[in-house]
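Trainee: Got a minute? I'd like to go through this structure with you.
Mentor: Sure. Put it up and ask away.

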Amino acid sequence: MKYKKVLLKLSGEALMGDRQYGIDPKRLAEYAHEIKQITEKGVQVAIVIGGGNIFRGVAGASKGMDRVQADHMGMLATVINGLALQSALEDNDIPTRLQSAVKINEVAEPFIRRRALRHMEKGRVVIFGGGTGNPYFTTDSAAVLRAIEINADVILKGTRVDGIYTSDPEKNADATKFDFISFDDVLRKGLKVMDTTAFTLSQENELPIIVFDMNKKGNLLKVISGESIGTQVNL
């Protein structure tokens, strides 16, 4: 395996499957199967998942809700998704721990870096919920922060698109895909890979990002194996 320790970033919307809202158990089971393939290869895996399938803080704030309050609701949504993913992984006999930046001791451990590292050394998949625990920071920022803290080799951003394009391929049939692109080129071209805070943090810490189609069977294992899947962003 090319990568030994990875952080997988999933959007909350990815869990909806073909639904308009909530969680699709079929999609969860598919993701759990993909993740099991790489844990069986000895890869240490951490996961950060968004909450947009349940509630998105920015959306709530745009409709008049207090931003801080809305962001805390979004953090709780990520914990709900984390619990759902944890259940799906354990149904596939994958030992799992859910850690939350927001203290909810009845359902999740508090985030403690050393404990997370120890879990991963023992072969457990660690799911980080609750974002960073602070309003105004996205789960992209949480993903990069946690990846740096656990010394991950790479951030794997699983999406429904097979990489980074010159424009939205779902809206523009002439959009061109990048196989490799530098951090500087992403910023210069104004491409939307992650929010600026997360992206800059990744760049400053020389942490590569791979954007790939998580919904295509076998892609996660191919990325871990070093195959040219999706788009790689590096220095």
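Trainee: Which residues are exposed on the other side of helix 1, away from its buried ones?
Mentor: P25 and K26 are exposed there. Keep in mind that this is a predicted model.

Trainee: And which residues of helix 1 are buried?
Mentor: R27, L28, Y31, A32, E34, I35 and I38. They cover an arc of only 165° around the axis, so they sit on the same side of helix 1.

Trainee: What do those buried residues pack against?
Mentor: Strand 1, strand 2, helix 3, strand 5 and helix 8.

Trainee: What caps the N-terminal end of helix 1?
Mentor: D24 does. One of its side-chain oxygens is 3.1 Å from the backbone nitrogen of K26.

Trainee: How does the span of helix 1 compare with what its residues should give?
Mentor: The two agree. At 1.5 Å a residue, its 15 residues should span 21 Å, and the end C-alpha atoms are 21 Å apart.

Trainee: Switching to the core. How many residues are in the largest nonpolar one?
Mentor: It has 34. L8, I47, L89 and L156 have the most contacts inside it. Several elements give two or more residues, including strand 1 (5-10), helix 3 (67-91) and strand 6 (154-159).

Trainee: What does L8 touch, beyond its sequence neighbours?
Mentor: Leaving out anything within four places in sequence, L8 contacts I35, A46, I47, V48, L156, G158, F212, M214 and L220. I35 is also one of the buried residues of helix 1.

Trainee: Why would nonpolar side chains gather like that?
Mentor: In soluble globular proteins, they tend to be buried together.

Trainee: Back to helix 3. Is D71 buried or exposed?
Mentor: D71 is buried, because its relative accessible area is 10% and the cut-off is under 20%. D71 lies in helix 3. Not counting residues up to four places away in sequence, it touches G57, V58, P135 and Y136.

Trainee: Now the sheet. What's the strand order?
Mentor: It runs 4-3-5-2-1-6-10-11-9. That is an open sheet of 9 strands with mixed pairing.

Trainee: Which strands stand at the edges?
Mentor: Strand 4 (109-110) and strand 9 (180-182). Each has a single partner strand, so one side of each has no neighbour in the sheet.

Trainee: In what sense do strand 10 and strand 11 pair?
Mentor: Antiparallel, over 3 bridges. Strand 11 covers residues 231-234. Its Q232 stands opposite I210.

Key: Residues are numbered from 1 along each chain as its sequence is written. This is a predicted model: local features need pLDDT of at least 70, side-chain atom pairs count only at pLDDT 80 or more; totals for chains, interfaces and linings use all residues. Side-chain values use heavy atoms; hydrogens and water are left out. A nonpolar core is a set of buried Ala, Val, Leu, Ile, Met, Phe, Trp, Tyr and Cys residues joined through side-chain atoms within 4.5 Å. Buried means under 20% relative accessible area, exposed over 50%, partly exposed in between (1.4 Å probe, protein chains only). Helices (H or I, at least four residues) and strands (E, at least two) are DSSP runs, numbered from the N terminus. Contact means heavy atoms within 4.5 Å. The expected span of a helix is 1.5 Å times one less than its number of residues. The arc is that of the directions from the helix axis to the C-beta atoms. A polar contact is a pair of N or O atoms within 3.5 Å; within protein, one must be able to donate a hydrogen and the other to accept it, and residues adjacent in sequence count only if both atoms are side-chain atoms. Two strands pair if DSSP finds at least two bridges between them.
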